[in-house]
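Got the model open in your viewer? Here is a short tour, stop by stop, with what to select and what you will find there.

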Amino acid sequence: MSALTPSPRAAVTTIFLLNGALLGTWGARIPAIQDGLDTGPGGIAVALAALAAGALIAMPTAGRLVSGHGSATVVRIAVAVLGLGLVAPAVMPSVGLLAASTFVLGLANGALDVSMNVQGVEVERRARRAIFSSMHAAFSAGGLVGAGIAALAAATDVGATANFLVVGLAAAAVGEWVSRSLVADSQPAPEAAHASPAGTTSGRWKLGGLAFCCLFAEGAAMDWSAVHLRAIGAGAAVAALAYAAYSIAMASGRLTGDRLSERLGPVTLARRGGLLAGLAMTTSLVVGDPAVGLLAYILLGAGLSVITPMVFRAAATGGDAGPALAAVTTTGYLGLLAGPPIIGAVASVTSVPTSLVLVIVAAACVVVGAGALAPPSGRVAAAPLSTTSTPEAA
């Protein structure tokens, strides 16, 4: 392998990083897009709904494409479309065209989400050790990097179009380069499906439910953490720190997730993570202090951080990984989308702190449902392994 060619692990980790950076860039410049179109929150809501719809439509289709053409091929196309398509929202002259452009971004992101996770599990299988959580840490880090670059661009009066163009072209170019090092999907033995948590329809539904609950809580933290802290008396600066602190804890937790899953097993680790998240949020709501609330979001991020990677790993282990993972990610993504508006609806008739009891309920469901991560035989594997490992995959 050439010194200029990344290893498969470095390649797929870079893809996760690029995905996070592109989404972080988009999210951070939404106010600039809104100002450019002179539209209100309703116009942005339409664009965000179109992005979500594109992702939900793409995920099942991506699963079938991965089965037919391999995850490496789908990753290569999806990251290019996502990168090159990023500039389109910044130059759209109307809300309708903005929604059309974000729908395309959603299609690309949904396809990339499924295919890069299948590729990540395949690289982990060849490495013969747990490394998948670190890839999700790269996604979280990429989101922070993208948002940071966008914030710097906004502070120096660099427009969204130039910001999107530079980041999008760079991501597409890097994605094309590293995609050459991605590996072909292996064909597990027929009996592998029977030892997989996703080997049955029931198993896929259970994993999907676990993903839904975890991502429901993540979506609530994403959109309501700052509002929550303001509601219990925090100043604007402290409230603004809530999601940043949560995100950093999420990325840090994923860096340690692989070692913890090897040591504890996925079922025990998911239960402890859900318990930590639930207790943190319960303490915050009972005490009602801004400092305790900020700490609670740090612990919430740490507790939830390791669960989604383990769910996706379990979904892509054994059998036909593409459709299985697509089913689980689609259900999980519904939780991410449903969390913020459901929290908002409950808050409108009660209060923001009261509505966040639903996060505690979601965490409790994670604790109860963590057994879905165990194979039907009851064996708990830290990582899906193959007898055909290659040195390059490590």
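Start by selecting Cys-214: this residue is buried, with a relative accessible area of 0% (buried means under 20%, exposed over 50%, and partly exposed in between, using a 1.4 Å probe and protein chains only). Before moving on, some housekeeping: this is a predicted model, where local features need pLDDT of at least 70 and side-chain atom pairs count only at pLDDT 80 or more, while totals for chains, interfaces and linings use all residues. Residues are numbered from 1 along each chain as its sequence is written, and side-chain values use heavy atoms, with hydrogens and water left out.

**Stop 1: the cysteines**

Stay on Cys-214 and add Cys-213, which holds the closest cysteine sulfur; the gap is 8.6 Å, too far for a bond. Now select Cys-365. Its closest cysteine sulfur is also in Cys-213, at 4.4 Å, and that is again too far for a bond. Cys-365 is partly exposed, at 36% relative accessibility. How many disulfides does the rule give? The count is zero, where a disulfide is a pair of cysteine sulfur atoms within 2.5 Å.

**Stop 2: aromatic pairs**

Next, show the aromatic rings. The whole structure has three aromatic pairs. The rule takes rings of Phe, Tyr and Trp (its six-membered ring) with centres within 6.5 Å; planes under 30 degrees apart count as stacked, over 60 as edge-to-face and the rest as tilted.

Select Phe-16 and Phe-132: they make an edge-to-face pair, 6.3 Å centre to centre with 90° between the planes. Phe-16 sits in helix α1 and Phe-132 in helix α7 (residues 132-155), so this pair ties together parts that are 116 residues apart in sequence. (Helices are DSSP runs of H or I, at least four residues, and strands are runs of E, at least two, numbered from the N terminus.) Both Phe-16 and Phe-132 are buried.

Then go to Tyr-243 and Tyr-246. Their ring centres are 5.7 Å apart and their planes are at 25°, so this pair is stacked. Both belong to helix α11 (residues 236-264), three residues apart, which puts about one helical turn between them. Colour by accessibility here: Tyr-243 is partly exposed at 32%, whereas Tyr-246 is buried at 3%.

**Stop 3: the pocket**

Keep Tyr-243 selected and add Leu-23, Phe-139, Met-222 and Leu-336: of the 49 residues that line the largest pocket, these five lie nearest its centre. The space in this pocket comes to about 1,600 Å³. On a 1 Å grid over the protein atoms alone, a pocket is an open set of points with protein on both sides within 12 Å along at least five of seven lines, a cavity is a set where a 1.4 Å probe fits but cannot get out, and lining residues have an atom within 4 Å of a point. Grid points are joined across faces, edges and corners, and a volume is the space filled by probe spheres set on them.

Which helix gives the largest share of the pocket lining? That is α11, with nine residues. Other elements giving two or more residues include α3 (41-69), α10 (201-231), α14 (307-315) and α15 (321-349). By type, the lining splits into 31 nonpolar, 14 polar and four charged residues (Ala, Val, Leu, Ile, Met, Phe, Trp, Tyr, Cys and Pro count as nonpolar, Asp, Glu, Lys and Arg as charged, and the others, Gly among them, as polar).

**Stop 4: the cavity**

Now select Leu-22, Leu-23, Trp-26, Leu-51, Leu-82, Leu-86, Leu-105 and Asn-109, the lining of the largest cavity. Two elements, α1 (8-28) and α6 (95-127), give two or more residues to this lining, and α1 gives the most, with three. The volume is about 40 Å³, and the structure holds one cavity of 30 Å³ or more. Seven of the lining residues are nonpolar, one is polar and none is charged.

**Stop 5: along α6 and out to two valines**

Follow α6 end to end. Its 33 residues should span 48 Å at 1.5 Å a residue (1.5 Å times one less than the number of residues), and its end C-alpha atoms are 46 Å apart, which agrees. This helix is mostly covered, with 26 of its 33 residues buried. Just after α6, click Arg-128, which takes a positive phi of about 65°.

Val-75, in helix α4 (residues 71-85), is buried at 1%. Measure C-alpha to C-alpha from Val-75 to Ser-115: 5.6 Å in space, 40 residues apart in sequence. Finish at Val-328 in helix α15, buried at 0%. Val-328 and Pro-60 are 268 residues apart in sequence, with 9.6 Å between their C-alpha atoms.
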